[in-house]
Every structure is written in structure tokens, then in C-alpha cells.
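Trainee: Please take a close look at a single part of this model and describe how that part is placed within the whole. I would value one connected account, with the cut-offs behind each term.

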Amino acid sequence: MISRRHFLSIAAPALALSGYPVHGFTKEPIEGRIIVIMLQGGMDGLLAIPPIGDDNLFKQRKALVASNPLKLNPLFGIHPNFRNFSKMLKSNEASIVHATSFPYTGRSHFEGQNVSQSGSKLPFSTNTGWLGRAMEFAKITGKALSLDAPLLIRGAPEFDNFYPANIEKTRSPQAALLDLIKETHDGDVMAAIDKLSRASMSGPSRLRARDPLSLATKAGESMRELNGPRVAVLTIPEFDDHSSIGSTTGHHPELFTLLDNVFYQLKIALKEQWDNTIVLTTTEFGRTVQENGSAGTDHGYGSVGLLAGGLINTSSVVANWPGLSTKDLYEKRDLFATIDYRSVCSACIEAAFGLDHDFIIDKVFEDKKITRIYEHIFG
Amino acid sequence: MKIINAIRGAINLREMYKNKNQWARKIGFGFGPEDEIPTNIDVWNTKQINDEFSLIGLNKIGLWPDEYNFSIKQRFERLHKFKTIKEKVEEESIGRQEKNARLRISKNENAVHMYDTYKLWNSAIYGNDMFKQRLLHFWTNHFTVGGSNNFRNYVIGDLIYNVIYKNLNGSFDDLLYLVTTHPGMLDYLDNTHSSGENSKFAKYLRKRGQTAGLNDNLARELLELHTVSPARKYSETDIRNTAKVLAGWGLIVSDFVQEFNEKKEYREISRNITLEKFVLAPYLKNKAEPGKKVIMGKSFPAGPKALRKLTNMLAQDDFTAQHLSKKLAIHFIGENASKGEIKVIYDTWKESNGDLAEVHRATLNVARTTKTRKFLWPSTWMFQSIRVSGARFIKESKSDGGFGSIKDDGRPDFEPLGILQEIGHNFWASRQPDGYSEKKLDWVSTEHFDRRIRIASRIFRAEPSRSGEEIADLLDFSDRTKLAISKGRNSEEKFIIALCSSDLMEI
């Protein structure tokens with residue numbers, strides 16, 4: 001039996017035996033890339049990565065456990081819809097961090113999303129994102145694949161967004177016109193128009209579709225270019241399933257399939273740059289351990305983070321498992337988060353941008369208490 | 001009528017919007033070439049709050065046709081009709097393509113949200129109740145109901161026009177209760193899926209091995225977003241007990257008709273509730289949680305009357321007054337509205353007990369004297385651009401550049417809805433319950449500017465009667481912007497620069 005509150009880094013035998021080459025991380029500066037997939041609405045971590053070795057899971061949840069999870073190790077399984085991600089686990093290019101969350105327990109989407117993007121402990125306390133600040137210190141560029149520029153990436157010296165338009169009888173604005181419009185603006189607006197002006201000179205984009213898979217392709221393609229962006233942010237919305245979320249099949253499992261395909265698509269599109277990449281998910285909070293009255297789960301606390309990319313050497317499920325009996329839950333209802341997800345973010349920044357852990361927690365997160373778990377994910 | 005000191009005080013301050021065209025943009029959509037410019041702005045302001053206005057017609061000819069004003073009952077009937085046809089088509093032994101084609105036709109024939117969208121555009125571009133239209137957008141956003149499913153697309157327009165618009169001059173107590181019990185809200189925030197743990201309904205389903213019980217989604221947002229906000233520091237138990245008061249309100253309306261007609265268990269449990277009865281009072285006793293509930297220290301009895309008692313308590317809470325005064329100030333005055341400006345609205349809210357006519361009047365008066373500028377929402381900017389430039393909304397021929405068109409059979413086409421989606425500001429879109437952001441930075445990105453410029457070029461093709469230079473003179477644009485406009489290489493470029501300048505985007 002696995003003892004509670006003992007820091008575990010469990011590599012499943014089935015995974016550890018696979019013979020893929022190990023992509024080494026050296027202390028040489030590498031051109032690492034970070035892709036963040038924001039799972040908006042609060043992913044149910046217990047449905048995605050069920051702790052099948054914890055008997056209390058089945059006591060707490062009657063319906064919302066997939067009938068045929070793939071067993072990763074004695075404690076954890078993975079929802080069968082993560083087909084590609086499971087293969088990545090087998091080939092030592094993916095990892096899972098469980099019972100984790102940003103330091104926010106309020107169960108509000110809007111505060112939670114703000115915290116998960118700003119990296120601050122207090123919601124709405126800063127105008128920049130943790131990724132944007134890391135980019136500022138590492139002096140690198142990035143792109144958001146959305147109509148808006150998300151808070152997560154703000155603060156970076158160079159960032160941009162991409163989301164193809166679909167308005168009949170219009171074409172991309174010309175640089176000369178943009179420069180005149182720019183003259184009437186200041187600050188952030190001026191900067192945005194300036195970027196649009198430069199983008200207009202790089203020719204029209206072939207890709208017009210804007211579903212997450214197409215955007216993942218676009219992200220991967222531009223990031224593998226020589227001077228392409230080194231950061232991308234994608235969003236998959238609609239994880240806020242309060243009712244009929246589905247166990248083996250249903251809405252949450254469909255989103256798992258989509259997320260799984262996004263991971264796969266990124267790998268395909270990045271080609272050889274996959275080796276220098278870390279993809280990580282974020283979500284504002286997990287969901288209640290027990291089902292609510294309508295076969296769904298309400299807003300909770302601890303959830304799971306999925307990571308993939310060539311920067312990982314050995315697949316593992318990193319967790320300090322808090323247990324699922326009612327007395328072990330946060331306020332007797334939610335999975336406890338025993339790992340601050342900012343530790344995961346810090347490790348990814350360290351691996352991809354080569355910044356030092358102490359520097360990251362001091363300058364990016366302004367919280368010197370964040371533990372270094374780099375070795376557990378990238379060691 | 002009660003005269004409030006704080007407002008009288010505000011009027012004596014220096015008027016910031018001496019240009020009437022600019023003032024009409026601060027609180028409305030600006031004056032178009034065909035609008036009558038008021039000689040006395042005070043009279044016009046009073047009218048903006050008190051007068052009853054009629055909506056203008058589809059093609060600007062006559063009034064908005066009554067057959068396109070749908071009651072909630074008509075909306076349910078149309079949805080029912082569509083669903084019935086859908087079932088029939090699905091059973092037919094024809095190919096998928098043929099089925100989809102027939103479903104599309106039926107969906108169009110029974111659609112109501114196209115008309116609702118047209119009404120939104122038309123009222124903003126031509127309506128003479130422009131402050132009310134802006135307030136309508138504000139409150140529609142405050143009480144966000146996201147679309148995406150068929151059912152909600154049918155009822156969002158009812159929430160906008162039959163509930164919010166009709167109560168803009170009423171009390172916040174009434175508005176809050178009516179919105180909370182609206183079928184669109186009950187469905188969007190999952191209350192339809194909620195039932196009391198100890199309700200007959202939940203016990204019945206559990207006996208059959210199905211899950212049933214509370215869902216706290218609406219309860220949480222009712223407190224967090226619609227009323228007191230987290231600043232009130234309520235507990236998780238308060239949320240839970242709010243959910244218990246809410247349990248019983250709403251049935252799973254997405255499949256409303258089928259459930260009533262086909263599923264025996266629903267018939268047994270909810271007895272013979274007719275469509276009409278359900279629409280009027282969507283409370284099902286058998287789904288409600290028995291017993292009293294305590295929320296923020298106050299006790300609420302079992303039964304349907306508890307909800308009104310609860311929404312009244314929340315509406316009257318001091319934190320609600322603070323939260324909403326700030327939101328109104330940010331919307332009309334700007335993100336940087338001062339504490340003093342917010343306080344004028346707040347004091348009015350408190351003195352009038354949330355009388356919205358008074359609160360809105362206070363907001364308008366504070367806006368008159370503010371120096372703070374507001375970065376306009378994309379749709380507000382677009383409607384202002386169309387209106388002020390005198391461009392046309394409805395296309396008159398296939399080749400012209402208007403936006404919408406009315407087909408031969410009288411049905412509107414899809415584009416006005418599609419454009420709202422493109423600019424990221426569609427009240428019928430699937431989105432988060434906190435609604436669209438009021439922060440400038442959330443609307444600043446290269447893609448957002450790409451959309452603005454594209455929309456401006458479309459407005460130019462919709463035959464505006466005012467040029468870029470004329471708009472700049474009319475609205476007292478800065479010299480910097482006038483210079484940029486003069487450098488445009490042709491009338492289209494000059495027009496686009498005027499529309500996409502900071503002078504038009506911010507007011």
C-alpha cells in the first residue's frame with residue numbers, strides 16, 4: 001500500500017521497460033519550446049487519470065469511472081480515450097502530475113482562471129501572466145492561438161496571436177493602411193497594430209480553419225521554423241460539465257479524445273522540434289470527488305496536469321497522493337492538491353528556457369516557497 | 001418622483017460632452033445623418049430614460065413587425081415543431097445528405113434567434129432609445145446565458161426582450177427574480193438538472209439506480225456574479241443552501257417536449273403540467289428540497305416562495321449595490337472610473353432601494369461630467385460606426401455591401417449573427433457565465449484589430465453617407481487622427497482610418 005503524503009514518483013514497470021532513446025537534457029542552453037493547453041472550465045482529474053489502486057475511488061464515485069481504464073501502475077490508470085497520450089507514456093515522452101492545483105481554493109471559474117494564468121496567489125492582482133513574465137526574462141517570443149491575447153502570455157516582450165478571420169468579402173489589411181491607423185493609437189493598441197502590420201507582409205496564411213486541431217497544426221508548424229515563436233497557448237473550452245459528463249463515453253471523454261489528438265497533432269507538426277518541446281495542460285480547478293445529483297461534478301480543488309514532449313526523459317506519474325476517504329478530502333469534498341502546480345510550471349520553464357529554479361520562483365512567481373520538482377518530471 | 005441629492009450635485013459639475021454627437025456615443029450609439037439632433041440635451045436625456053419607444057421595422061419601413069416578436073410560448077411551440085419534424089425526418093428511409101437538407105429547412109423555418117439578432121442590430125443602428133439599448137446590452141451581459149444548444153437559442157431573445165428590456169425601469173428585485181427563474185437561465189446554469197437530495201423526484205430516481213440530487217452551478221453564480229460577489233464572503237454552505245432553495249425550479253427543458261410526451265417517470269412525478277403552466281411557473285414541487293434552509297444567517301421556508309424571498313434579500317444586500325454600481329460605472333464611464341463616481345451610483349442605488357430608473361439616471365449623470373474614457377466593446381463600436389457614418393444595415397441587392405438581407409420568403413439570413421461571432425462579441429454564443437470583459441486589454445490583440453479593419457471595410461461598402469473626414473469633424477477628432485486620415489490614399493482608406501482610430505474606439 002502506498003503511504004499517504006509521501007512524495008512519490010511512480011514509473012510504471014510497463015512504461016519503464018520500453019526501449020525508446022532518451023532525449024538528454026543538458027545544461028547547454030537549448031532552444032526549448034513551451035506549449036500550454038488551457039483546459040477551460042475545470043477538468044475532472046479523477047475521470048482522466050483515475051487512481052484505480054485507491055479503493056475509496058469506487059466508494060466515492062459510482063458512475064463516473066471509466067469501465068476500462070488502462071493501468072499505468074498499481075495506483076493510477078488512464079482513461080481509454082487518451083490513446084496517443086498513452087503511447088507517449090510508453091515511449092517515455094509524457095508524464096502526469098496528480099493531486100495538483102494552482103494555489104486557489106475558491107471554486108470560482110473566473111478567479112481560478114485568473115490565478116492559473118497570472119500565477120499569483122491572489123486573483124486579479126496582476127496584469128501579466130506567469131508565462132509572459134518567464135518569456136520576458138528569457139527574452140523569447142510566443143503566440144496565442146485565439147482571438148484574444150490571454151493573460152497567461154501578457155508581459156512578454158514579443159507576443160502575438162493567431163485566429164483566422166471568416167468575414168465575407170474582406171481581406172487582410174495592408175501594411176500601409178495599418179501604419180496610418182497605428183498613428184492614431186498609443187501603447188498596447190499601437191503595439192498590436194504594429195504586429196498586424198508585420199504579419200501582413202509575411203503573406204496570407206494558408207490555414208483558415210480554427211478548431212483546436214487545426215490551430216495545433218498551425219502552432220507546431222510555426223514553432224518548428226528557425227526563428228518561429230518558442231511559446232504557444234491553446235485553449236480547449238467546455239470542461240465545465242455539471243451534468244451528464246459521461247464516464248467511458250460522453251462529453252468529458254469526448255474532450256479527452258480532443259485533447260489527446262491535440263497532443264498528437266502537435267507532435268506531428270513540430271517534427272524534429274518535438275525533441276525540444278514541453279507541452280503542459282493547465283486548468284483552473286478540479287472537480288468534486290463525488291458525483292452531484294445530475295451525473296456530473298461541481299467545482300472542486302485538486303486535479304491533474306498532463307505533460308508531453310521530447311524534453312521528458314522518463315515517463316512518470318508524479319503525485320503525493322492524499323487519499324480519497326472523506327476525511328482526506330479538502331473540506332470533505334475535493335481532492336487535495338498536494339503539489340503546487342506552479343512547481344510544474346517552474347520545472348517546465350527551467351527545462352525549456354534554461355532559467356534557474358530559484359530565479360524563476362523569485363522573479364516569475366514571487367514566491368520562494370515553491371518546491372523544485374524538476375527531477376521528478378525531467379530528471 | 002424622489003429627487004436624489006447626489007444626482008443634483010453631479011449636474012452642477014462641469015459638463016464634459018459639449019458635442020452632442022459625442023455625448024450620444026458616450027451613452028448610446030451616436031447620431032446618424034437621419035437622426036434629429038436634440039436642441040435641449042436635458043430633455044433628450046430624460047426621454048432616454050422615461051419614454052417608451054417603439055422598435056423600428058426590419059427594412060426601416062414602419063415598425064418592427066409584430067409577427068417577429070415572439071412570446072416564450074411561441075418560442076416553445078416553434079422548438080417543439082422543429083423537434084417533431086426532426087424526429088419524422090430521422091425515421092424516413094432517405095440518405096444522410098437528404099435528411100440534413102430537410103432538417104436545415106425546418107430549422108430555418110422555425111428559427112427565432114435570427115429575428116432576435118436582427119432586432120439587436122436594428123435597434124442599435126436605428127432605435128431612438130439608444131441609452132436603453134446600451135443598458136440592454138449591459139444587463140444581457142451581466143445575466144449571461146450562453147447559447148450553443150438549440151433550446152437556449154430559442155429562448156435567449158425572450159430573456160433579452162421580454163424580461164430585461166421590459167424591466168429596465170423597474171426594480172432590481174423584480175429583474176433578478178425574473179432572470180433567475182427564466183427557462184434560459186435555469187437551463188444554462190444547470191438548475192434544470194438539480195433536485196433536492198430529499199425530494200420525491202431524487203428518491204424515485206435513486207430507487208431506480210439513477211443518480212439524482214443537487215447541482216450548485218446556478219446557486220454559485222447567483223451569489224458570485226449576479227449579486228453580492230465573493231467580496232461578501234459567504235460560505236460553501238451558503239452556496240449549498242442556495243442550491244437547495246433553487247432545487248425544483250426548472251425541468252430539463254432541452255428535451256422538454258419529449259420528456260413530457262414519452263417518459264413515463266416524468267409524467268408520474270410532475271403530474272400533468274401543461275406547457276403553458278410550465279412556462280409561467282417552472283417550479284416543480286416534487287423536485288424541491290423539503291425543510292427550511294439558512295443562507296447568510298437568514299432562514300428560508302420550503303416551497304416556491306422562498307426563492308423570491310432569497311432574491312429580494314440578495315438584491316437588497318449592500319454588497320450587491322457595491323458590485324453593480326461599480327459594474328455600471330465601468331461600463332459607461334470606463335475602467336478607471338473613480339471611487340467618487342462609483343459612489344454617486346451606489347448612493348442612488350441605496351437611497352432608491354435598487355430602483356433601476358434612478359440608478360440608470362445616476363449613471364447617465366455621472367457620465368456627463370467624467371473625464372474618463374471607455375474603450376468600447378466591439379459590437380458597440382461596430383453599431384456606432386454604422387450609425388454615425390450613415391451606412392446601411394440591410395442589403396438592398398445581392399451586390400451591395402449591407403450586412404443582412406431579407407429573403408423572398410421574409411426570413412433573415414445568417415450574416416449578422418455570424419459577424420457578431422467573428423468580432424468575438426455574440427450574445428447568442430456559447431461562453432462563460434461572467435460574460436464579456438469590460439477591460440480594454442482583453443480586446444486588444446492583432447486578430448481583434450484585423451476584425452475591426454475588416455468590419456470597417458464592409459461598412460464602407462454599405463454606402464455610408466459620411467466620409468472619414470466628415471466623421472472626424474463631426475466628432476472633434478484629435479489633430480493627430482485628422483492628419484492620419486488625410487494621409488489615406490483613397491476615400492476607403494480615409495474612412496477605415498477614421499473608424500479604427502482611437503478617437504472612435506474610445507469615448
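Mentor: The account below starts from one helix and then moves outward to other parts of the model.

This is a predicted model, in which local features need pLDDT of at least 70 and side-chain atom pairs count only at pLDDT 80 or more, while totals for chains, interfaces and linings use all residues. Residues are numbered from 1 along each chain as its sequence is written, and chains are lettered from A and ligands numbered from 1 in the order in which they are written.

The part chosen is helix H26 of chain B, residues 491-499, which contains Glu493(B). Helices (H or I, at least four residues) and strands (E, at least two) are DSSP runs, numbered from the N terminus. H26(B) is largely enclosed by the rest of the structure, because seven of its nine residues are buried (20 or more other C-beta atoms within 10 Å of the residue's own; exposed means 12 or fewer, partly exposed in between, with C-beta atoms placed from the backbone). The buried residues are Glu493(B), Lys494(B), Phe495(B), Ile496(B), Ile497(B), Ala498(B) and Leu499(B). For Glu493(B), the count is 21 other C-beta atoms within 10 Å, which is why it is classed as buried.

The surroundings of H26(B) involve both chains. Its buried residues pack against H7 of chain A and, in chain B, against H21, H23, helix H24 (468-474), helix H25 (479-486) and helix H27 (502-505). Apart from neighbours within four places in sequence, Glu493(B) is in contact with Leu177(A) and Gly488(B), a contact being two C-beta atoms, placed from the backbone, within 7 Å. Ile85(B), by comparison, is 408 residues from Glu493(B) in sequence and 49 Å from it in space, C-alpha to C-alpha.

One of those packing partners, H23(B) (residues 446-461), has an axis that comes within 9 Å of that of H26(B) and crosses it at roughly 130°. Axes are lines fitted to C-alpha atoms, for helices over the stretch in contact, and angles run from 0 to 180 degrees between N-to-C directions. H23(B) and H26(B) are therefore oblique to each other (under 35 degrees is roughly parallel, over 145 roughly antiparallel, 65 to 115 roughly perpendicular, and the rest oblique). The crossing is right-handed, meaning that the near helix is turned clockwise from the far one by less than a right angle, and anticlockwise would be left-handed. H23(B) contributes Ile453(B), Ala456(B), Ser457(B), Ile459(B) and Phe460(B) to the contact, and H26(B) contributes Glu492(B), Phe495(B), Ile496(B) and Leu499(B). By class, this contact has seven nonpolar residues, one polar and one charged (Ala, Val, Leu, Ile, Met, Phe, Trp, Tyr, Cys and Pro are nonpolar, Asp, Glu, Lys and Arg charged, and the others, Gly among them, polar).

A second helix pair in chain B may be set beside this one. The axes of H4(B) (residues 72-91) and H8(B) (residues 150-164) come within 10 Å and cross at roughly 165°, and these two helices are therefore roughly antiparallel. Their crossing is right-handed. The residues in contact include Ile72(B) and Leu79(B) of H4(B), and Phe151(B) and Tyr154(B) of H8(B). This contact has five nonpolar, two polar and three charged residues.

Chain B as a whole has 27 helices and two strands. Of its 507 residues, 49% are buried. Among its contacts between residues at least 6 apart in sequence, 73% join residues at least 24 apart.

The boundary between the chains brings 45 residues of chain A into contact with 48 residues of chain B. On the chain A side, the elements that give two or more residues are helix H5 (109-118), strand E7 (158-161), helix H7 (175-182) and helix H8 (187-201). H8(A) gives the most, with seven residues. This side of chain A comprises 18 nonpolar, 17 polar and ten charged residues.

Within chain A, strand E9 (residues 277-283) is mostly covered, with seven of its seven residues buried. E9(A) pairs in the parallel sense with strand E2 (residues 33-39) over seven bridges, pairing requiring at least two DSSP bridges.
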